[in-house]
Amino acid sequence: MSISEEAVAAFRTAYGTEPAGLWAAPGRVNLIGEHTDYNDGFVLPFALPQRTVAAVGPSPDGTWSVCSTLAAEPVAFGTTEPGEVTGWGAYVAGVVWALQDAGYTVPAVRIAIASDVPFGSGLSSSAALESAVLTALIDLGGLDVPLERRPAIAQRAENLYVGAPTGILDQSASIRCEAGKALFLDCRSYAIEQIPFDLAAAGLAILVINSNAPHQHVDGEYGARRKSCEESAAVLGVTALRDVGVDELPAALDRLGDEVLRKRTRHIVTENQRVLDTVALLRAGSVREIGPLLTASHASMRDDFEITVERVDVAVESALAAGAYGARMTGGGFGGCVLALIDADRADATAAAVAGAYAEKGFEAPTSWLAVAGPGATRI
Ligand code: GLA
């Protein structure tokens with residue numbers, strides 16, 4: 001059964017009727033630009049073919065009901081305030097709340113969710129859920145919410161309702177990405193440019209390797225990184241670290257006494273430049289040449305931002321040793337997935353090399369697949 005069929009079947013079983021429609025939103029891979037989003041910087045994600053599907057229909061009683069093929073218990077709620085719905089249902093209740101908070105009249109609906117976005121792997125399964133529900137509510141309610149405003153509404157659901165202090169990367173990717181393109185996003189102005197990202201034409205592919213590393217202390221570490229960046233910006237007297245260019249970095253580092261702040265700042269400033277350099281190469285059609293930037297990004301996350309773990313580092317090193325042009329962890333860190341830029345015919349060999357390195361270390365086997373840039377959130 002496809003994910004769409006699963007969502008429809010779940011809707012029928014839960015509510016005994018047909019849905020009014022189906023909406024889908026993808027997970028994402030961030031090609032480069034990690035932790036730059038909440039520093040007003042640059043990111044370059046593309047949408048995964050894996051997505052979350054919401055089968056949605058009107059609610060007969062003015063309340064919201066949600067069930068999921070991935071959860072044992074359904075969730076039901078009326079109008080709520082942040083914190084009232086917890087667990088996975090908070091992502092849905094949060095979107096309803098954020099739309100209402102922005103002044104919209106949100107239609108009461110019944111929802112059934114199905115998804116093949118790997119959960120808890122740094123591929124934005126939560127943003128996919130928020131974005132599918134948000135798009136459905138906007139369409140069914142006939143709400144006039146321009147595309148460029150939608151990611152910030154979903155982000156408010158996550159920041160203020162769920163309580164995760166994340167940036168705007170994931171929701172922007174899930175909502176604004178286009179098939180065959182990488183999304184170059186300025187996280188300060190929300191300006192975008194769709195960058196052609198046709199790997200197959202260049203004989204290349206992106207292999208995504210799920211390290212299957214257990215996530216530990218992720219939320220606290222994420223918040224701590226964010227706080228360090230804000231502290232650095234305050235010391236340097238800038239609105240955000242985006243305002244420090246690479247040519248100004250040596251002077252900025254001199255002004256930051258604290259070694260941790262220096263490292264965090266160096267990552268953000270150099271990472272922003274790597275996004276700009278990657279975009280310039282892709283615009284020029286030099287896809288293979290982005291490899292060293294990806295690998296440099298990983299080294300920066302490992303040594304300066306200190307958000308990688310051994311399984312992730314081993315995946316990057318073994319992919320590179322197997323001939324990848326570049327490799328890096330993608331997403332928030334402390335586990336999750338690695339992406340490797342490889343020749344299209346090297347997928348099996350690269351995956352086998354990483355699996356071999358994992359076996360040698362006694363790590364649980366990684367999962368690997370090729371990622372092709374898919375479409376953003378839409379009615380299907
Ligand atoms: C998580 C957050 C994003 C972003 C990335 C790191 O995915 O949700 O906002 O900060 O980490 O780039």
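**Exercise 1. List the residues around the ligand.**

Solution. The residues around the ligand are Arg28, Glu34, His35, Asp37, Tyr38, Thr166, Gly167, Leu169, Asp170, Tyr222, Gly331 and Gly332. A residue is near a molecule if one of its heavy atoms lies within 4 Å of it. The model is predicted: local features need pLDDT of at least 70, side-chain atom pairs count only at pLDDT 80 or more, and totals for chains, interfaces and linings use all residues. Residues are numbered from 1 along each chain as its sequence is written, and side-chain values use heavy atoms, with hydrogens and water left out.

Next, sort the shell. It holds 3 nonpolar, 5 polar and 4 charged residues. Here Ala, Val, Leu, Ile, Met, Phe, Trp, Tyr, Cys and Pro count as nonpolar, Asp, Glu, Lys and Arg as charged, and the others, Gly among them, as polar.

**Exercise 2. Which side chains make polar contacts with oxygen atoms of the ligand?**

Solution. Look for N or O pairs within 3.5 Å. Start with Arg28: a side-chain N or O atom is 3.0 Å from a ligand oxygen. For Glu34, the distance from a polar side-chain atom to a ligand oxygen is 2.7 Å. For Asp170, the side-chain N or O atom is 2.6 Å from a ligand oxygen. Then check burial. Alone, the ligand exposes 310 Å², and the protein buries 93% of that (Shrake-Rupley method, 1.4 Å probe).

**Exercise 3. Place the ligand relative to the domains.**

Solution. Take the bounds first: domain 1 is 3–196 and domain 2 is 200–371, from an automatic or database domain assignment. Their centres, over C-alpha atoms, are 25 Å apart. The contact (heavy atoms within 4.5 Å) takes 33 residues from domain 1 and 42 residues from domain 2. Both domains give residues to the shell, so the ligand lies between them.

How values were computed: Polar contact = N/O pair within 3.5 Å; in protein donor to acceptor, adjacent residues only side chain to side chain.
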